[in-house]
Amino acid sequence: MFKKITNLLTAISFFAVTTLFGFSASAQQAPIVIKLSHVVAENTPKGLASLKFKELAEKKLPGKVQVQVFPNSQLFGDAKELEALLLNDVQIINPSLSKFDRYTKKIQVFDLPFLFKDSKAANDFQNSADGKALLKSMEDKGLIGLEYWANGMRHFSTNKDFRVPADVKGLKFRIQASDVYESLLKAFGANGQKMAFAEVYQALQTGVVDGQENTFSNMYSQKFHEVQKTIVETNHGILDYMVVVNAKWWNGLPADIRKGLWNGLPADIRKGLSEAMREATIYNNQISREKNEEARKAIIDSGKAKVVKLTDAQLAEWKKAVAPVYAQFEKDIGVDLIKSAQKYSQPAQPKAEKPATKK
Ligand code: SIN
């Protein structure tokens with residue numbers, strides 16, 4: 001008798017809960033599958049942070065999302081990934097900032113040579129109101145930027161010994177799909193050939209191109225140092241990423257506690273994903289410096305490519321050569337935006353001395 005009453009009560013409470021939240025046990029929703037695709041190796045800042053995002057998102061939204069990470073251009077190479085995102089064939093990608101110039105000219109600010117003195121200056125600009133506005137600047141094209149992820153400073157490498165721009169005259173360099181970089185190579189008297197990241201190693205090995213420019217972490221993980229003679233620490237720009245989502249997909253995720261029911265229970269998927277992405281960003285930005293230092297050391301220890309530091313005079317030659325690039329792009333990017341970014345690389349102003357107080 002007691003058992004019968006208990007069963008009845010269980011049935012009544014189950015009915016009450018399912019009625020209240022409007023679902024039945026037979027209508028369990030499968031987790032939302034989220035594909036995240038990128039072009040680099042797993043043991044890089046971006047590769048590791050993508051895995052961190054998966055771990056955090058699945059922990060915060062158990063049973064509600066399943067994140068599948070595809071590294072190394074396995075799903076889409078960088079020639080296709082933005083189109084694939086717009087077609088919703090992949091839901092999250094994190095391309096280099098150099099690869100967005102088809103969607104907004106303003107984002108080219110990040111490619112201007114020697115604009116940022118280091119990664120921190122770039123990060124400070126990204127966190128400013130102008131930097132944050134760029135995350136939203138492609139919404140009319142169907143793309144929403146969630147976060148910036150840092151990789152690090154870029155350096156040139158070639159299959160010959162070089163120090164100054166005059167040494168690279170006439171050489172062919174692989175560049176990312178960036179008009180600013182095309183103009184930069186021209187300013188050095190060299191040629192820039194736009195090419196997908198996955199093709200670079202072979203192009204260097206077979207001599208299709210003579211050189212490339214990248215971070216130590218990308219060079220080491222792709223073994224570029226094995227097919228290049230010299231890497232010069234030019235620090236000529238940053239290689240950072242924007243994590244972007246398809247706007248329609250993102251805005252369609254259950255995000256309102258009243259409307260966003262998940263298996264009948266209130267769910268805020270977008271909030272959970274945003275929090276996981278914020279934490280993955282912090283993790284990425286913590287490890288990026290260390291990963292690049294590790295890779296630089298590993299390249300030196302390998303005894304393959306020589307890593308060269310520039311003298312002040314040599315660096316000044318590189319900096320002097322880039323003036324035409326600014327002249328060409330400042331109208332598209334906007335002088336105010338360039339100044340706003342430059343602010344974070346200015347030397348600190350000496351503090352004005354206080355006038356002596358009269359006795
Ligand atoms: C990346 O770091 O995502 C690739 C950069 C490149 O194309 O050189």
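## A strand pairing to start with

Let's begin at one end of a pairing: Thr158 has Gly211 of strand β7 as its bridge partner. That contact belongs to a set of 4 bridges through which β4 and β7 (residues 211–214) pair, in the antiparallel sense. Keep in mind that this is a predicted model.

## Strand β4 and its other partner

β4 covers residues 143–158, and it also pairs with strand β8, which spans residues 230–246. How many bridges join β4 to β8? There are 13, and the two strands run antiparallel. If you want a spot to look at in the viewer, try Trp149, whose bridge partner in β8 is Tyr241.

Is β4 largely enclosed or not? Of its 16 residues, 14 are buried, so the rest of the structure largely encloses this strand.

## Around the ligand

Ten names aren't hard to click through here: the residues around the ligand are Val39, Val40, Asp78, Ser96, Asn151, Gln176, Phe197, Asn214, Asn218 and Leu239. Sorted by class, this shell comes to 5 polar, 4 nonpolar and 1 charged residues.

The strands from above turn up again in this list. Asn151 falls within the 143–158 range of β4, Asn214 sits in the 211–214 range of β7, and Leu239 lies in the 230–246 range of β8.

## The whole chain

Zooming out, the protein has 359 residues, and 41% of them count as buried. Its secondary structure adds up to 13 helices and 11 strands.

As for contacts in the protein with a separation of 6 or more, 76% come from residues 24 or more positions apart.

Technical notes. Residues numbered from 1 in each chain as written. Predicted model: local features only at pLDDT ≥ 70, side-chain atom pairs only at ≥ 80, totals over all residues. Buried ≥ 20, exposed ≤ 12 C-beta atoms within 10 Å, placed from the backbone. Contact = placed C-beta atoms within 7 Å. Pairing = 2+ DSSP bridges. Near = placed C-beta within 6 Å. Nonpolar A, V, L, I, M, F, W, Y, C, P; charged D, E, K, R; others polar.
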